[in-house]
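Open the model in your viewer and follow the stops below. Each stop gives a selection and what to look for there.

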Amino acid sequence: DIMRRILPHKPSAIRESISLDGIWNFALHNISFPQSQHKINVNLDLPLIPVPSSYNDIGTQRSTRDYAGAVTYSRTFFIPKSWETKRVWIRFGSVCYSADVVINNIHVISHSIGHLAFNAEITSVLNYGGENTIKVVVDNILTDSTIPQGETTILSNGMLARAYSFDFFDYAGIDRSVTIYTTSESYVDDITIITKVNDSIGIIKYNVTVLGHQQKNILILDQNKSIVYAVANFWPEGEISIENPHLWWPYAMHENPGYLYTFRVDVIENDQLIDSYEQTFGFRDLTWDNESFYINGKPIYFRGVGRHEDSDIRGKGTDLPLFIKDHNLLRWLGVNSYRTSHYPYCEELMDLADQLGILIINEVPSVNTDLFGDDLLENHKKAFTELYNRDKNRPSVVAWSCANEPRTQYPESGPYFQEVIEHMKSLDATRPVTAAIAQPYNVDNIGQYLDIIGFNRYEAWYDNTGDLDGITERIVIEAQEWHNKYNKPVMVTEYGADTLEGLHTLPTFIWSEEYQQSVMSRYFKAFDILRQFNWFIGEHIWNFADFKTAETYVRVGGNKKGIFTRNRQPKSSAFLLRKRYWALAKSL
Ligand code: GCB
């Protein structure tokens, strides 16, 4: 059962690791790299690729950027002799879309879905005290039954091309870190922690899988790493109470948001520590009803953004400078939340959300869900299982989003999403399920299964272009209709307008910075009217930053609905949003 052992590698007194991040060899299967270095009009790109990164924007060739099919990543690495007595594992943070991993010519694992971690034990295939080879065949073909869905076409030059309806560039490659690490023969395989707060008592319900029958100890450490609780030789599951725990609060709602405790499991054999794993968690009580959504008993109003993992050159590749820059900008804006539109984000980002107190609506990678076949349904459920296993212990994750803009006008969408949502709830009863819905309320078939209704609406952009004065009333009415139909909390999960930075117009005209601000201020009026009702629980603008999309004539160098440019410089709208979000933060 490979997918349960998904705990990321964490440094500890016992576990050792080697990073395989770096420069790998790279080959496209249907296109050969040139022999001659002395010609132009040939592909002079290096047969090398950085990991982690998407491969698409690294080279100079359209054929690489738009490649459809399998590519091979390969490299060598050393394993120390001293690891001979250990179990050894390999873990990929994500490969888009599918991966076949071969080490020393032995196949070790296949995995097919992007944006989610997978690992495999590789103890028996390694050459200890010597060199090893790894080859990863990465395929980016999407079909009717992959999550997300896509298709392929043939171009006039005979090349295969990808086609997809979702509005972000279909980046591919080994886009997150690759780590090889050790455990002892007996090791901590999985930890599940659920917290509850009753008056001044914090309750931790835990379930720990340790392979082997040794003594297992649990320590609970506070943020300063002081021990607040210790138990020796615990059962695999149990309950721990902590008096007056520090609560986990969202950003700007408390002077110390994002308070994290550590749940440490030590495994001891013959008085020797043989494994130690530290899992962070937070005490926060999540409740929701037909009227509202509460953290630690207080109603939450989501003020935030839709985002993408996207930047130039590296595409969706993990980029630590970008991650910290983005979080400085998110804090500058005063957001308390974002949605991981439209796929699970990198674990390093999720760690920051836990630490900083950012509320995450965690979206499975299902976009524009259509056709609703049985294979698709199975893959959709599997995607959610993998996401749940990866992120179940994160206090930042306060809701699951089961899809972005699924085709909910079709009757088949009803039973399909009923099953997806019931599957989510069977795994996790502690978090609400939502979706970002594009179809109008009157044709929707899935809202009755959701806990929170999210809708995406582009008034005065795709709908009623230019009609700024119609925005406020239409949004107020639509939100009320959603609430009337389903009697659930409602939020706007997307609204916005494409804006070319530096384009100014008086009077205001679409694509200008003034137009983006005009749209926003009309939406703000609607939100302020709706905020009188407890059931209206939030606003997420589309998008935090401009991002790359497929090549289409409605996109000029990508989607420009960012309030920041792709380079993370502000459009004038960023200042407007900042003013509103900080005013909201202070008024709540
Ligand atoms: C949407 C989609 C998002 C697009 C956005 C747009 O509704 O959810 O993926 O980027 O509209 O700008 O068209």
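**Stop 1: where two domains meet**

In this predicted model, 9 residues of domain 1 contact 10 residues of domain 2. Colour that side of domain 1 by residue class: 3 residues are nonpolar, 2 are polar and 4 are charged.

Now colour by domain. The domain assignment gives residues 2-183 as domain 1, 187-281 as domain 2 and 291-587 as domain 3. Place a centre on domain 1 and another on domain 2, using C-alpha atoms; they are 34 Å apart.

**Stop 2: Glu278**

Select strand E19, residues 272-281, and pick out Glu278 within it. Is Glu278 buried or exposed? Glu278 is partly exposed, because it has 17 C-beta neighbours inside 10 Å, and a residue counts as buried only from 20 upwards.

Show its contacts next. Leaving out residues up to four places away in sequence, Glu278 touches Lys10, Ser12, Thr262 and Arg264. Then select Tyr261. It sits 17 residues from Glu278 along the chain, and their C-alpha atoms are 9.7 Å apart.

**Stop 3: helix H3**

Select residues 347-356, which form helix H3. Show the side chains of Leu349, Met350, Ala353 and Asp354, the buried residues of this helix. Look down the axis of H3: these buried residues fall within an arc of 145 degrees, so they line one face of the helix.

What covers them? The cover includes E19, helix H2 (320-333), strand E25 (359-363) and helix H4 (374-391).

Finish at Gly357, which follows H3. Its phi is positive, near 80 degrees.

Technical notes
Residues are numbered from 1 along each chain as its sequence is written. This is a predicted model: local features need pLDDT of at least 70, side-chain atom pairs count only at pLDDT 80 or more; totals for chains, interfaces and linings use all residues. Domain bounds come from an automatic or database domain assignment. Two residues are in contact if their C-beta atoms, placed from the backbone, lie within 7 Å. Ala, Val, Leu, Ile, Met, Phe, Trp, Tyr, Cys and Pro count as nonpolar, Asp, Glu, Lys and Arg as charged, and the others, Gly among them, as polar. Helices (H or I, at least four residues) and strands (E, at least two) are DSSP runs, numbered from the N terminus. A residue is buried if 20 or more other C-beta atoms lie within 10 Å of its own, exposed if 12 or fewer, and partly exposed in between; C-beta atoms are placed from the backbone. The arc is that of the directions from the helix axis to the C-beta atoms.
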